Amino acid sequence: MSSDKHAFPRSPCAVASTLDIVGDKWSLLVVRDLLRGKMTYGELADSLERIPTNILAERLRRLEENGLIEKTAYQQRPVRFAYSLTAKGRDMGDILLALVRWGRRHIPGTQALGIAARGSPARAQERAGRPRNPARTSRK
């Protein structure tokens, strides 16, 4: 038995360990949307791919547990949260850009939505991270 202080679900392989955190079909889409400036549960649930709400709640919990996102209450009754990427989460932007490049090159008809169309993930997050109160967004 190894004396490592980290317990790896499958192996210490960096690819396997990363996939254990974000390797499902939804987590990177949540990260993408946070990079694009979405902040609330409702905004994330309203994404093009229509993530089921029970799965969204679980993915947000998992991403928070793994230090990729943080939540801040912006309303008390009922309690509602705004979600944002941590520095660790923003670093996933490079992975998303690699997926965009690969998809555009090898899957005809795909598009670069959001972060890739506007430049680097860090710059997109800077734009997306402008302070705003999610409770004050206008409804059309």
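A cavity here is a set of grid points where a 1.4 Å probe fits but cannot get out, and its lining residues have an atom within 4 Å of a point. With that in hand, here are the close-up views; please keep in mind that the model is predicted.

**Figure 1. The largest cavity and the residues around it.** The lining of the largest cavity is made up of Trp26, Leu29, Val30, Asp33, Leu44, Ser47, Glu49, Arg50, Ile51 and Leu56. The volume enclosed is about 70 Å³, and one cavity of 30 Å³ or more is counted in the model. By class, six of the lining residues are nonpolar, one is polar and three are charged. If you are looking for the main contributor, turn to helix α2 (residues 27-35), which gives the most to this lining, with three residues.

**Figure 2. The order of helices and strands.** To find your way around the other views, it helps to know that the protein has eight helices and two strands. Starting at the N terminus, the elements follow the order α-α-α-α-β-β-α-α-α-α. Of the 140 residues in the protein, 31% are buried.

**Figure 3. Helix α2, a mostly covered helix.** Eight of the nine residues of α2 are buried. These are Ser27, Leu28, Val30, Val31, Arg32, Asp33, Leu34 and Leu35. Note that the list includes charged side chains, namely Arg32 and Asp33. After α2 comes glycine 37, which has a positive phi, near 105°.

**Figure 4. The largest nonpolar core.** This core holds 19 residues, and those touching the most other members are Val30, Val31, Leu34, Leu56, Leu60, Leu63 and Ile69. At least two core residues come from each of α2, α3 (41-45), α4 (53-65) and β2 (79-85). Helix α2 gives the most to the core, with five residues. Val30 is thus worth finding in two views, as it belongs to this core and also lines the largest cavity.

**Figure 5. The largest pocket.** The space in the largest pocket comes to about 540 Å³. Its lining has 22 residues, and Leu29, Arg32, Leu99, Val100 and Gln111 are the ones nearest the centre of the pocket. Two elements, α2 and α6 (93-106), each give two or more residues to the lining. The most come from α6, with six residues. Sorted by class, the lining has 13 nonpolar, four polar and five charged residues. Leu29 appears here beside the pocket centre and again in the lining of the largest cavity.

**Figure 6. Helix α6, with a buried face.** How far apart are the end C-alpha atoms of α6? They are 20 Å apart, which agrees with the 20 Å that its 14 residues should span at 1.5 Å a residue. Gly93, Leu96, Leu97 and Gly103 are the buried residues of this helix. Viewed down the axis of α6, the buried residues fall within an arc of 130°, so they line one face of the helix. An α-helix has 3.6 residues a turn, so residues three or four places apart point the same way. Exposed residues sit on the other side of α6, and these are Asp94, Arg101 and Arg105.

**Figure 7. Glycine 93 and arginine 32.** Glycine 93 is part of helix α6. Is this glycine buried or exposed? Glycine 93 is buried, as its relative accessible area is 0%. In sequence, glycine 93 and arginine 32 are 61 residues apart, yet their C-alpha atoms are 7.5 Å apart in space. Arginine 32 is one of the buried residues of α2.

**Figure 8. Arginine 59 in helix α4.** Helix α4 is where arginine 59 is found. With a relative accessible area of 12%, this arginine is buried, because buried means under 20%. Between arginine 59 and valine 22, the C-alpha to C-alpha distance is 8.8 Å, while the two are 37 residues apart in sequence.

**Figure 9. Two backbone features in loops.** Most residues other than glycine have a negative phi, and most peptide bonds are trans. Arginine 50, in the loop between α3 and α4, has a positive phi, near 55°. At 52% relative accessibility, arginine 50 is exposed, because the cut-off for exposed is over 50%. The peptide bond joining arginine 77 and proline 78 is cis, with omega about -10°. Proline 78 is in the loop between β1 (69-76) and β2.

Note on methods
Residues numbered from 1 in each chain as written. Predicted model: local features only at pLDDT ≥ 70, side-chain atom pairs only at ≥ 80, totals over all residues. Heavy atoms only, no water. 1 Å grid on protein atoms, 1.4 Å probe; cavity = no way out; pocket = protein on both sides within 12 Å on 5 of 7 lines; lining within 4 Å. Points joined across faces, edges and corners; volume = space filled by probe spheres on them. Helix = DSSP H or I, 4+ residues; strand = E, 2+ residues; numbered from the N terminus. Expected span 1.5 Å × (residues − 1). Buried < 20%, exposed > 50% of the residue type's maximum accessible area, 1.4 Å probe, protein only. Arc of directions from axis to C-beta. Core = buried A, V, L, I, M, F, W, Y, C linked by side-chain atoms within 4.5 Å.
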